[in-house]
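Let's take a look at a sheet and the helices around it. Have the sequence and the 3D view open as you read.

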Amino acid sequence: MGELLSGMDDDEGGESSSEVSEAVENELVRLLNKVIVDAHRQGVSDIHIEPQPGKGRTGIRFRKDGVLVPYIEVPASYRDALVARVKIMCDLDISERRKPQDGKIRFRKYGPLDIELRVATIPSAGGVEDVVMRILQAGEPIPLDRLGVSDANLARLRPAIEKPYGLFFVCGPTGSGKTTTLHSILHHLNTPETKIWTAEDPVEITQKGLRQVQVNRKAGLDFASVMRAFLRADPDVIMVGEMRDRETVGTAIEASLTGHLVLATLHTNSAPESIVRLMDMGMDPFNFADALLGVLAQRLARRLCLHCRQPYHPDGGEIDGLLAEYCEDLAGTAAFRADPGAARAAVLAGWRQRHADQQGRFTLYRAVGCEECNRGYRGRVGLHELMLGTERLKRLVVEHARVAALLSAALEDGMQTLKMDGIDKVLLGATDIKMVRAVCIR
Ligand SMILES: [Zn+2]
């Protein structure tokens, strides 16, 4: 990167000019290609181009593992040409500088990688334009058992998704890895005997054997209309990338009750909340309860770097703190209402059995930081909350139970909340409590 930037002096003239020489143009093409190739190689999800008005340099930052990291700064004189170059790559109108635009770069036309980027341009203060490019994570699905789901959750998940029909949801905010998880589930179900239709926006992960449909709202092809088309197209399994409206949910319930397995994502925070949200859309509670196989809520917490994390034995106070935080979520369960002391002791005994050494000591890790990582963290670990459609839960759905009642029942049926699964992963040394708290805000 240094040699590319060294050719780009800060222009004494300061202001960016729209007249750019051919040499500079070539330089910019190389620079932008290098930025994209670097970003892809580093496993970056988004590239942010942030120009300043006047003589300010244009900053470029990368989002990696959910966190922004400064990458380079580009001289002011290249600002407009840089943004124009991005627009050309995704066929946007370079003369339109006052309205947001969105497009897509098929990078193999320009560089050595077969990847796609989703581009958004936004006019910002000072008469400049910001650009954010998302690198679509084209690639292979991750096998279900390598997804970071705990053994206990995997043993509960498999039978639920192997049912021939019903409704299964994966929920969480944007960027929590829902699509990756759904594709792992589809990978598990993908056999020559099974017809699998998917409706996605965008199609990121492709799998041989799936029939994948790119939703295109501008062309009138929305999730609801694709769903209806699937029902006429002899499906076994249907995956719907996004379920936000009553019509799509209603069609999904209908499909699952007529013998299809329907998988979908929801933008909800927790598994119990998803149930309430769907019921509040006006679904028939009996049909919904009948169809419901389960809801998997998910987060990605930053993972401690294995090269530099520093082990230590926590004192009793630190373990007590973790225990209190773990047990907060269990407060409404029958065991805790009957005898909180005994219930806490049982949790601690379970931890000792699973995580402690022969002297009964736990090992936790501190983030340190090395050349391999970003301040002690590298990659992310999934946290999961798997609520299954048990008989008791279905009964509660029919009774229009609210979140607290659904939560207690699910916990008694063996669910762990996101926070609980996160604390287990702290005790395993995969992450630390700070990173678990950061993604488990309710
Ligand atoms: Zn490190």
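Start with the open sheet: 7 strands, in the order 9-8-10-11-7-12-15, with mixed pairing. Two strands count as paired if DSSP finds at least two bridges between them. In general, strands of a sheet pair through backbone hydrogen bonds, either parallel or antiparallel. Helices (H or I, at least four residues) and strands (E, at least two) are DSSP runs, numbered from the N terminus.

This is a predicted model, where local features need pLDDT of at least 70 and side-chain atom pairs count only at pLDDT 80 or more, while totals for chains, interfaces and linings use all residues. Residues are numbered from 1 along each chain as its sequence is written, and side-chain values use heavy atoms, leaving out hydrogens and water.

Here are some of the strands you can look up:

| Strand | Residues | Role |
|---|---|---|
| Strand 9 | 210–214 | edge, pairs on one side only |
| Strand 15 | 377–388 | edge, pairs on one side only |
| Strand 7 | 166–171 | parallel to strand 11, 6 bridges |
| Strand 11 | 261–266 | parallel to strand 7, 6 bridges |

Want one of those bridges up close? Phenylalanine 168 has leucine 263 in strand 11 as its bridge partner.

Helix 15 packs on this sheet and touches strand 12 (292–304) and strand 15. Contact here means heavy atoms within 4.5 Å. The direction of helix 15 makes about 135 degrees with that of strand 15. Axes are lines fitted to C-alpha atoms, for helices over the stretch in contact, and angles run from 0 to 180 degrees between N-to-C directions.

Helix 15 (residues 418–427) also packs with helix 10 (residues 316–328), at about 155 degrees and with axes 9 Å apart.
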